[in-house]
There are 2 protein chains.
Amino acid sequence: MDADRLRSAVDWRDGRLEVIDQTLLPERLVLLELTTVAEVVDALRRLAVRGAPAIGVAGAFGVVLGLEDDAAAASLPAALAAMERAAAQLEAARPTAVNLRWGVRRVVAAAAAATTGSELRRLALHEARRILEEDRAACRRIGQAGLVELGGRRRLLTHCNTGRLATAGLGTALAVVYAKAEAGEPVEVLASETRPLLQGARLTAWELVNAGIPVTVLADTAAGAAMAGGLVDAVLVGCDRVARNGDTANKIGTYQLAVVAAASGIPFYVVGPLSSFDPETPDGGRIVIEQRPAAEVTMLAGSRLVPEQAAVWNPAFDVTPASLVTAFITDAGVLRPPFAPAIATALAGRADPPDSLSR
Amino acid sequence: MDADRLRSAVDWRDGRLEVIDQTLLPERLVLLELTTVAEVVDALRRLAVRGAPAIGVAGAFGVVLGLEDDAAAASLPAALAAMERAAAQLEAARPTAVNLRWGVRRVVAAAAAATTGSELRRLALHEARRILEEDRAACRRIGQAGLVELGGRRRLLTHCNTGRLATAGLGTALAVVYAKAEAGEPVEVLASETRPLLQGARLTAWELVNAGIPVTVLADTAAGAAMAGGLVDAVLVGCDRVARNGDTANKIGTYQLAVVAAASGIPFYVVGPLSSFDPETPDGGRIVIEQRPAAEVTMLAGSRLVPEQAAVWNPAFDVTPASLVTAFITDAGVLRPPFAPAIATALAGRADPPDSLSR
């Protein structure tokens with residue numbers, strides 16, 4: 001396995017946004033080279049690129065791609081208009097993960113100071129590259145914070161994919177796993193398969209097998225039995241949006257893992273960069289939950305799993321109340337209850353786009 | 001849809017055990033005609049026939065099929081030996097659902113009084129037919145008990161398949177749904193798809209669509225969000241084995257539904273006939289949990305979902321502690337806490353095979 005390739009789940013090369021097409025794993029490893037805003041939006045919508053930090057990076061470079069044509073470079077008003085168009089299209093691609101909006105707005109804010117079209121493009125590219133490098137650094141810091149926090153906890157249950165494929169770096173929850181492995185500590189991962197799209201079975205298992213880390217896949221239905229049966233030392237999940245009070249939107253299925261972990265006295269950690277924390281959202285009740293197509297549930301590998309006449313409910317995320325979270329493991333360290341002040345303090349240290357750019 | 005056909009998920013016709021091959025639904029409705037013990041064992045193992053009450057009936061007729069050859073009819077010792085062989089093979093086919101053992105032992109006990117080989121066969125067939133008819137009657141009584149107990153609760157979340165396909169009659173948890181529909185009460189079913197084998201998506205949805213009852217399928221990961229979001233008035237599940245204290249083994253995923261239901265204050269009902277209650281098992285810790293092949297998780301419709309090098313954990317059942325059960329809805333009425341005396345009283349009214357036949 002080419003480790004450099006794995007590190008490039010989202011990367012910028014030769015003026016193109018290069019992403020691994022995650023819809024084809026584990027059977028095929030295919031790189032997509034995206035050169036237009038429309039291509040980025042399509043890749044986001046069909047989850048070819050996914051994972052909250054990764055889509056923040058993709059959104060940032062998506063804005064840059066919106067400035068590629070000659071008209072945009074020709075005049076500042078044309079460039080500003082092109083940037084606004086790109087930003088609006090990208091932000092609308094997926095509603096729940098705040099990183100997408102955050103990445104797009106950071107680039108827009110950084111480029112706003114430009115006095116020419118070409119300077120605007122240069123500033124936008126510079127900011128997008130900063131976001132990518134910051135994400136890589138954030139993953140490393142998360143890994144180190146988790147290494148200390150997890151101590152001797154060896155058997156870690158995780159959900160969805162929160163690793164190299166979900167970020168520009170080593171991951172969020174899986175960065176902790178990689179940090180443990182690198183430190184020579186014993187670590188084993190229980191990966192819930194994560195229906196409907198099977199990111200745990202397809203992506204997490206693929207990553208960890210390639211990294212030589214023991215991984216056991218289980219149906220989502222078996223997670224409760226694993227916890228009740230004493231097979232789990234801690235649960236680590238990612239986050240798509242954390243509200244000011246600590247309520248957390250993450251991949252559908254996270255909430256019930258948190259409830260069962262609490263019932264078994266197993267620590268439940270939410271792991272992610274501060275870019276997944278949303279100061280504009282007071283609590284989980286305000287988070288828009290993306291509804292995905294029924295076909296994600298009814299069809300698999302061309303086979304129909306559900307009779308056509310049955311209805312389907314397919315939310316992509318759920319909300320875990322802050323009361324079920326043991327702690328947040330972030331690039332700004334471990335945040336502990338009470339979460340509202342801990343989150344406020346951490347966010348005060350983060351450079352956010354000015355409020356005037358909120359739309 | 002031919003309602004008589006649906007009622008015959010397990011039936012005895014012309015000296016053959018006729019079952020619907022449930023591995024092919026919802027795409028194809030195929031009837032299997034089983035004529036030997038080996039064929040019944042194979043159908044049980046690969047879940048062509050499944051559902052605790054249905055496999056109890058199948059086991060009973062499996063013993064009868066073990067008496068079909070001429071040698072068995074020729075002498076009483078030969079018939080007794082053939083019956084013991086058949087019983088041992090059938091009981092070993094699946095370890096968790098107690099109905100299988102119960103059905104097999106009832107037939108063996110009823111036939112033990114025979115004085116000739118042909119009388120033994122006649123008594124065995126008579127008892128197997130009684131078990132089938134009792135199961136149909138039990139389903140009707142369960143439906144009526146649930147109709148009263150559920151009152152105005154309309155939106156029912158269920159797991160796996162507990163309907164016509166799981167019994168010789170109308171079902172267990174789904175018998176309550178059918179009773180509500182027949183009584184003209186509004187009823188809607190939320191069916192969790194039930195990975196790995198998708199009995200909810202494939203079988204429950206198919207049954208209910210054919211019965212004209214509104215059904216919405218959701219990934220197992222979405223059940224918690226449905227409950228937290230106020231979409232569920234009660235949870236109804238079946239049971240493969242209920243211990244003397246009320247601890248209940250049922251399809252993997254049941255335990256976490258019970259934990260989340262309790263967290264949301266939603267009543268959680270276990271629904272099944274007394275034949276699923278096991279007086280020989282004091283509590284859930286003594287129930288053997290069947291482990292199923294990894295391929296059930298890793299492969300679907302010929303497509304590989306999990307990299308080959310990953311390990312898999314695939315228990316078929318989990319145990320829900322009695323403390324999470326609101327009540328048992330049975331053919332002997334509704335059993336309420338404290339469960340140990342309620343279960344003991346109900347079982348005292350049931351004709352069990354004599355202890356001397358335990359093996």
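Modeller: Buried means under 20% relative accessible area. Keep that handy, since this is a predicted model and we'll be talking about rings.

Biologist: Sure. Which cut-off makes Phe328(A) and Phe339(A) buried?

Modeller: Both Phe328(A) and Phe339(A) are classed as buried, so each has under 20% relative accessible area.

Biologist: How many aromatic pairs are there over all chains?

Modeller: Six, counting over all chains.

Biologist: And why is the pair of Phe328(A) and Phe339(A) called edge-to-face?

Modeller: Their ring centres are 4.8 Å apart, and the limit for a pair is 6.5 Å. The planes stand at 80°, and over 60 degrees counts as edge-to-face, so that's the label.

Biologist: What does that pair tie together?

Modeller: Phe328(A) belongs to strand 15 (residues 327-330) and Phe339(A) to helix 13 (residues 339-348), so the contact joins parts 11 residues apart in sequence. There's a cluster here too: ring pairs link Phe328(A) and Phe339(A) with Phe277(A).

Biologist: What makes Phe328(B) and Phe339(B) an edge-to-face pair?

Modeller: In chain B the centres are 4.8 Å apart with 80° between the planes; that angle is over 60 degrees, so edge-to-face it is. Phe328(B) and Phe339(B) are both buried as well.

Biologist: How do you know that Arg164(A) lies over the face of Tyr178(A)?

Modeller: Arg164(A) is at 4.7 Å from the ring centre of Tyr178(A), and the distance limit is 6 Å. Over in chain B, the charged end of Lys251(B) sits above the Phe317(B) ring, 4.9 Å from its centre.

Terms used
Residues are numbered from 1 along each chain as its sequence is written. Chains are lettered from A and ligands numbered from 1 in the order in which they are written. This is a predicted model: local features need pLDDT of at least 70, side-chain atom pairs count only at pLDDT 80 or more; totals for chains, interfaces and linings use all residues. Side-chain values use heavy atoms; hydrogens and water are left out. Rings of Phe, Tyr and Trp (its six-membered ring) pair if their centres lie within 6.5 Å; planes under 30 degrees apart count as stacked, over 60 as edge-to-face and the rest as tilted. Helices (H or I, at least four residues) and strands (E, at least two) are DSSP runs, numbered from the N terminus. Buried means under 20% relative accessible area, exposed over 50%, partly exposed in between (1.4 Å probe, protein chains only). A charge sits over a ring if NZ of Lys or CZ of Arg is within 6 Å of the ring centre and within 35 degrees of the ring normal.
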